[in-house]
Amino acid sequence: MADYPTSFDKEDLLKCARGELFGPGNAQLPAPPMLMMDRITDISADGGEFGKGHVVAEFDITPDLWFFECHFPGNPIMPGCLGLDGLWQLTGFNLGWRGMPGKGMAMGVGEVKLKGMVKPDRKMLTYNVDFTRIIDRKLKLGVANGKVFADGEIIYEVKDMRVGLAAE
């Protein structure tokens, strides 16, 4: 496994988006505005609920975020798919952090429950990703469950999300 820190600030995440953190052709985060986190506060290969790795990250919510203006005019709500994408982003980031090579791709999710909304008055999202399985073959695959909290209240919960890394 690679020797990376267990927390990352915004500049580290931007380096990852530019392909500078894990190296060319390996896991990358999207650039803003699609980058759905501001920092990763903890990451492991053996922690979490199932002992197979985890990621905890935070995203600061401000009323001027790009999606509030268009979704929906007069009733601003963060699209639920962006919260799911944040969980996928973190799942792929963990695979790159483990030193696994290849470019990332979301490969599905078994179950999604939307239990609340993110409106402009919220202050922070917290993402929790807990790996249930890691497959390290030609295709590198992470299978995980995830939760998104808004100011401590659970709003999204997913099971069996899958992210893969593959060489081109």
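Lys 10 is partly exposed, with 33% relative accessible area, and it's a handy way into this predicted model. Its side chain pairs up with Asp 38 in a salt bridge, one of nine in the count. Below is a quick tour of some of those bridges, followed by a look at the largest pocket, which holds about 220 Å³ of space.

**Lys 10 and Asp 38**

- The closest N and O atoms of Lys 10 and Asp 38 sit 2.7 Å apart.
- Lys 10 belongs to helix 1 (residues 10-17), while Asp 38 is in the loop between helix 1 and strand 1 (39-44), so this salt bridge ties together parts that are 28 residues apart in sequence.
- Unlike its partly exposed partner Lys 10, Asp 38 is buried, at 11% relative accessible area.

**Arg 39 and Asp 60**

- Arg 39 and Asp 60 also meet through their side chains, in a salt bridge with an N to O distance of 2.6 Å.
- This one links distant parts of the chain: Arg 39 is in strand 1 and Asp 60 in strand 2 (residues 54-60), 21 residues apart.
- Both ends are partly exposed, with Asp 60 at 32% relative accessibility and Arg 39 at 24%.

**Arg 122 and Glu 153**

- Here the salt bridge has its closest N and O atoms 3.1 Å apart.
- Again, distant parts of the chain are linked: Arg 122 comes from the loop between strand 4 (111-114) and strand 5 (124-136), and Glu 153 from strand 7 (residues 153-166), 31 residues apart.
- Arg 122 counts as buried, since its 15% relative accessibility falls under the 20% cut-off.
- Glu 153, on the other hand, is partly exposed at 39%.

**A small group of linked bridges**

- Glu 11, Arg 18 and Glu 20 form one network, joined by salt bridges that share partners.

**The largest pocket**

- How much space lies in the largest pocket? The computed figure is about 220 Å³.
- The pocket is lined by 16 residues, and the closest to its centre are Gln 28, Gln 89, Gly 92, Gly 104 and Met 105.
- Helix 3 (80-97), strand 3 (103-108) and strand 7 are the elements that each give two or more residues to this lining.
- Which element supplies the largest share of the lining? That's helix 3, with five residues.
- As for chemistry, the lining residues split into nine nonpolar, five polar and two charged.

Conventions: Residues numbered from 1 in each chain as written. Predicted model: local features only at pLDDT ≥ 70, side-chain atom pairs only at ≥ 80, totals over all residues. Heavy atoms only, no water. Salt bridge = Lys/Arg side-chain N within 4 Å of Asp/Glu carboxyl O. Helix = DSSP H or I, 4+ residues; strand = E, 2+ residues; numbered from the N terminus. Buried < 20%, exposed > 50% of the residue type's maximum accessible area, 1.4 Å probe, protein only. 1 Å grid on protein atoms, 1.4 Å probe; cavity = no way out; pocket = protein on both sides within 12 Å on 5 of 7 lines; lining within 4 Å. Points joined across faces, edges and corners; volume = space filled by probe spheres on them. Nonpolar A, V, L, I, M, F, W, Y, C, P; charged D, E, K, R; others polar.
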